[in-house]
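Subject: the structure, plus notes

Hi,

Here is the structure I promised to send over. Have it open while you read, and my notes will make more sense.

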Amino acid sequence: MKKTKILWTDDEIDLLRAHIIFLQEKGFEVVTANNGTDAIELVRKDFFDIIFLDENMPGLSGLQTLNEIKTIDPNVPVVMITKSEEEDIMDEAIGSKMADYLIKPVNPNQILLTIKKNVDQRRLVTQRTTSAYQSEFGKIGMQISDRLSFDEWSEVYKKLVFWELELSTSEDSAMDEVLKMQKSEANNSFTRYIRNSYQSWFGKNSVDRPLLSPDIFRKKIFPQVDSGNKVFVLVIDNLRYDQYRVLATVLNNYYHIEEEDLYCSILPTATMYARNAMFAGLMPTEIEKLYPEFWDDDDNEGYKNRFEKDLLQKQLLRLGKNYKLFFEKITNVKGDKKMSDYLGSILQSDLSVMVFNFVDMISHARTEMDMIKELASDESAYRSLTLSWFNHSSLLDLLKLLAENKVKVVLTTDHGSIRVDNAQKVIGDRETNTNLRYKIGRNLNYKSKAIYDVKNPASIYLPSRNVSSTYIFATNTDFFAYPNNYNHYAQYYRNTFQHGGISLEEMIIPVVTMMPKG
């Protein structure tokens, strides 16, 4: 195994001989220099895992030497050692992206701890994370096998996402596979739960119905406005809980998380159903009955979601809410560039709603473009791409401005998505829709027992195109493919992110209330 290589630069290096021997006995290779110029030359010629640098040296100071070293190797961790405890020197060192900062006199154990923290950190984190997940694996497994309520399923899913994010920072790929298997087991069990429970949620005497898509505005948003807050609702289409968790690392700089809740998207977990239900405060059959002009059987998602503002206005009217409403839908990058222009309208409104489709666009582009497939090859990369977009979007600039103006924000979504890998054959007529995770049609022919079928759509408040319509939903990581050219489409859509069916990732989604800091 390659030794960790250390460069220690100090004009009194001979006085540190005991420290150097200590490190050598611990298995480290130590190279020394007694001035900044020699240290810079050594860095030009060789690679070092970590550099210790005296701040106060004749000739080039420690900070001057640091600047030169960083131009040669920007990624090497540099630890500044100084006699001074003056705050301005500390600030300058920290501002120069010091890996660490030690005050003389230092003892060998301090040095050892610093090396472990900066050089061995990834290995140590991997070991600790792997060990911690191994101890939790059995507990989660026992929970999955129990008869759980929706709230308990939400807690299980939170734990799985927590460990997925933790393990994504480690180097133990074996544990990634273990977690993947446990998520698959959880999704199979969650499917059984939905089969047994979903239809009962719409009965007159249902007592265990969770928060569903039609409940979001009435239960989570209108009470905030009624309390005198200006409220900005951000609906990021197709945002999974794990993606929200990585966005939260940025949002926490500007907002306190007042309430982080998970709710259940209705079936199908598709924009045209779940998002219309959210804005209308009604299930799809209720929308079709009360507002037929706002409901269409067209299979095009963009066409079917043209009336979201109208549906929200109808919900406000039904509930007697006389808010001044601002509503905007951002569906392309060009629109994103003008986000800050909306600030004035938002500040003049009681309730502002913005629908943002960029995450959904990434998902669709990933299916169609090889470059995006490469950039978002798995869940971790998909989250990273989402975070990169968010960090450089004018949406973040707008959220910063809203925080400065004390506007409360509710962040939510309509459904999530899941990476699919297993094609299931389905035969349907010409009128059968094209979604890969759910189908609606007559005389659908399928063999898989994993499919959840609903032969009476009205029982779960879904419209029927004709008297013999059936809905079928894919579960876990399955997706539907027609027998015609089956192998081509099975390969084309494998490893893509899809939505419409039943999984933890698609159905258990965030609704988060955030209060500006300060």
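Below is what turned up in it, going through the sheets, a helix pair, the hollow spaces and a few backbone oddities.

One thing before you start: this is a predicted model, so please read everything here in that light.

**The two sheets**

Strands of a sheet pair through backbone hydrogen bonds, either parallel or antiparallel. You get one of each kind here.

The parallel one is an open sheet of five strands, in the order β2-β1-β3-β4-β5. At its edges are β2 (29-33) and β5 (100-103), each with a single partner strand, so one side of each has no neighbour in the sheet. From one strand to the next, the twist averages 20 degrees. If you want to look at a pairing up close, try β4 (residues 78-82) and β5, which run parallel and are joined by four bridges. Within that pairing, T82 has I103 in β5 as its bridge partner.

The antiparallel one is an open sheet of three strands, ordered β13-β16-β15. Here β13 (438-441) and β15 (452-454) take the edge positions with a single partner strand each, so each has one side left without a neighbour in the sheet. The twist in this sheet averages 15 degrees from one strand to the next. Four bridges hold β13 and β16 (residues 470-473) together, and the two run antiparallel. To find the register, look for K439, which stands opposite I472 in β16.

**A helix pair**

Two packed helices are described by the angle between their axes and the distance between the axes. For α10 (residues 241-251) and α19 (residues 379-391), the axes come within 9 Å and cross at roughly 35 degrees. That crossing is right-handed. Which residues meet there? From α10 they are D242, Q243, V246, L247, T249, V250 and L251, and from α19 they are Y382, R383, T386, L387, F390 and N391. Sorted by class, the contact has seven nonpolar, four polar and two charged residues.

**A pocket and a cavity**

Helix α19 turns up again in the second largest pocket, where α7 (150-167), α8 (173-197), α19 and β11 (418-419) each supply at least two lining residues. The pocket holds about 590 Å³ of space. There are 22 residues in its lining, and those closest to the centre are E164, D176, K180, E379 and R419. Which element gives the largest share of the lining? That would be α8, with seven residues. What about the chemistry of the lining: how many of its residues are nonpolar, polar or charged? The split is four nonpolar, seven polar and eleven charged.

As for enclosed spaces, there are two cavities of 30 Å³ or more. The second largest cavity has a volume of about 40 Å³. Its lining consists of D429, E431, G441, R442, R465, N466 and S469. By class, that lining has no nonpolar, three polar and four charged residues.

**Backbone oddities**

Most residues other than glycine have a negative phi, and most peptide bonds are trans. Three spots are worth a look with that in mind.

- K104 and P105 are joined by a cis peptide bond, with omega at about -5 degrees. You will find P105 in the loop between β5 and α5 (108-118).
- L267 and P268 are also joined by a cis peptide bond, with omega at about -10 degrees. P268 sits in the loop between β7 (255-264) and α11 (271-280).
- K406 is not a glycine, yet its phi is positive, near 60 degrees. Look for K406 in the loop between α20 (394-404) and β10 (408-412).

That's everything I have for now. Shout if you can't find any of these spots on your screen.

Cheers

Definitions and conventions: Residues numbered from 1 in each chain as written. Predicted model: local features only at pLDDT ≥ 70, side-chain atom pairs only at ≥ 80, totals over all residues. Heavy atoms only, no water. Axes fitted to C-alpha atoms, helices over the stretch in contact; angles between N-to-C directions. Left-handed = near helix turned anticlockwise from the far one by under 90°. Contact = heavy atoms within 4.5 Å. Nonpolar A, V, L, I, M, F, W, Y, C, P; charged D, E, K, R; others polar. 1 Å grid on protein atoms, 1.4 Å probe; cavity = no way out; pocket = protein on both sides within 12 Å on 5 of 7 lines; lining within 4 Å. Points joined across faces, edges and corners; volume = space filled by probe spheres on them. Pairing = 2+ DSSP bridges.
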